[in-house]
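Reader: I'd like a close look at the largest pocket here, please. Tell me what lines it, and then use the second pocket and the strands as background.

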Amino acid sequence: MASSSPSSLSPPKVPAELYVTNREKLLRSLRQHLADTSRPPQGFVFLQGGEEQNRYCTDHLELFRQESYFAYLFGVKEPGFYGAIDVATGKSMLFAPRLPADYAVWLGEIKPLSHFQELYKVDQVYYTDEITDVLREHSKGCEKPVLFLLHGLNTDSNNYSKPAEFKGIEHFERDLTTLHPILTECRVLKSDLELAVIQFANDISSEAHVEVMRKIRPGMKEYQLESIFLHHTYMYGGCRHCSYTCICATGENSAVLHYGHAAAPNDKTLEDGDIALFDMGAEYQFYGSDITCSFPVNGKFTSDQSLIYNAVLHAHDAVISAMKPGVSWVDMHKLAEKTILQSLKKGSILVGDVDDMMAERLGAVFMPHGLGHFLGLDTHDPGGYLKDLKRIEAPGLRSLRTIRQLQDGMVITVEPGCYFIDALLAPAMESSNTSKFFNREVIGRFKGFGGVRIESDVHVTASGCRNMTKCPREITEIEAIMAGAPWPLNKAT
């Protein structure tokens with residue numbers, strides 16, 4: 001039934017138990033590791049939260065968003081905090097900054113420590129200038145207590161997480177290697193409480209994508225569609241942050257994989273006949289979504305648009321049908337590639353044996369990115385490559401953000417795509433290994449076509465998987481909604 005409001009959703013309260021559960025999970029894993037390596041179960045997990053950042057040399061403060069590992073364990077929204085967990089007792093502590101008196105004039109009430117203790121469900125709260133004394137007091141009898149600090153490589157960015165620093169840290173033994181892999185692996189498998197927040201981010205984002213489909217018209221600017229999405233998720237979902245910079249690509253821009261950045265700022269005028277590729281996802285209470293919908297700007301698919309769209313949709317659906325614990329993500333990527341190549345052959349864009357195309361890595365010409373990535377507190381959630389896993393150095397496969405086997409509790413994006421990118425097609429059509437596969441007469445029609453991507457966020461369950469994204473996917477559904485039908489469609493009528 002259609003609602004009088006553009007949204008049927010309202011922002012849910014996220015319980016502090018989510019972070020309590022995350023801390024308990026980390027403690028179990030860390031204590032087990034210490035037992036396995038014959039080390040005593042003592043010391044402190046110690047993390048430094050994020051700091052506010054000014055815009056260059058100005059006094060303009062960028063909107064603060066908490067560092068994700070700190071958010072995972074403590075849920076703290078404010079900057080300048082530290083957090084500790086006593087490994088022996090399980091007691092959790094926050095350290096809040098001492099705020100100057102004039103904070104109350106400019107920024108609001110200075111909250112007492114008891115406020116943070118109740119809000120974030122920790123055992124004790126102190127000030128940051130008390131860190132050394134408090135931790136030493138908690139470690140009576142230990143000359144140099146161990147601090148398990150966060151330091152490790154993010155394999156998506158190749159940046160290292162920054163270990164905590166504070167005045168007096170020299171009085172402690174610092175362990176920089178133990179915590180990061182254990183805490184990262186905790187983040188890979190989501191709890192039911194985490195899944196509920198990710199589901200809301202998906203629900204409000206799915207709804208916003210439908211709103212964009214309803215309002216898109218030739219002659220609009222790409223950024224106007226971005227604005228509709230952002231407005232909907234904030235207005236009805238309370239989502240102040242987006243998971244990433246929106247990609248609102250139409251026409252040839254839809255073949256630019258990370259379009260929307262400062263040098264390509266979603267500013268093209270939409271033209272009748274263009275394909276649109278909108279990759280947008282809202283973040284709610286730190287947890288994100290990552291959804292892509294592709295459809296024609298004018299609401300009606302041409303035969304060529306249908307061919308490419310259905311090639312990608314069949315790949316998307318084939319992967320989701322095959323996903324379950326124990327399945328290799330590399331195999332899922334290859335399944336997506338093969339499904340797309342089969343469709344392109346059926347549509348006479350390609351000729352020859354599909355297995356031969358796979359052997360020559362032709363799939364990477366049309367889908368140069370990886371099939372998907374872990375999703376959670378970050379769009380590209382960490383944990384894709386465990387310490388012993390190495391990237392596969394082959395076109396397409398080298399772009400995979402993980403090569404792991406699926407496990408119950410993972411949330412991973414499924415985002416196959418098919419793009420006509422001159423920088424990849426031209427060399428492939430000249431290469432002696434791959435030129436024979438191209439039907440030059442037909443593929444010429446697709447110059448300037450752009451591309452199609454379909455992306456859903458999928459929760460791996462014990463028996464298979466569950467698609468958390470609720471967008472229209474079939475061509476008939478998309479055309480109906482763009483013509484004014486309600487969503488979900490009433491199949492009975």
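Author: Helices (H or I, at least four residues) and strands (E, at least two) are DSSP runs, numbered from the N terminus. This is a predicted model, so to speak on probation: local features need pLDDT of at least 70 and side-chain atom pairs 80 or more, while totals for chains, interfaces and linings use all residues. Residues count from 1 along each chain as its sequence is written, and side-chain values use heavy atoms, without hydrogens or water.

Now your pocket (on a 1 Å grid over the protein atoms alone, an open set of points where a 1.4 Å probe fits, with protein on both sides within 12 Å along at least five of seven lines). The largest one holds about 920 Å³, counted as the space filled by probe spheres set on points joined across faces, edges and corners. It has 32 lining residues, meaning those with an atom within 4 Å of a point. Closest to the centre of this pocket sit Phe64, Lys77, Glu78, Pro79 and Tyr103. Helix H4, residues 113–120, supplies the largest share of the lining, with four residues. Sorted by class, there are 18 nonpolar, five polar and nine charged residues around the largest pocket. (Nonpolar covers Ala, Val, Leu, Ile, Met, Phe, Trp, Tyr, Cys and Pro; charged covers Asp, Glu, Lys and Arg; the others, Gly among them, are polar.)

The second largest pocket comes in at about 690 Å³. Its lining has 32 residues, and Glu67, Ser68, Tyr160, Ser161 and Lys162 lie nearest the centre. Elements giving two or more residues there are strand E1 (44–48), helix H2 (68–74), strand E6 (153–154), strand E7 (159–160) and helix H6 (179–188). E1 gives three residues, the largest share. By class, the lining of this second pocket splits into ten nonpolar, 13 polar and nine charged residues.

E1 also belongs to an open, mixed sheet of six strands, ordered E4-E3-E2-E1-E5-E8. Strand E4 (124–127) and strand E8 (173–175) are the edges, and each has a single partner strand, so one side of each lacks a neighbour in the sheet. Pairing takes at least two DSSP bridges between two strands. Within the sheet, strand E2 (residues 82–86) runs antiparallel to strand E3 (residues 92–96), with four bridges between them. In that pair, tyrosine 82 has phenylalanine 95 of E3 as its bridge partner. Further along the chain, E10 and strand E11 (residues 275–280) are likewise joined antiparallel over four bridges, and isoleucine 247 stands opposite aspartate 279 in E11.
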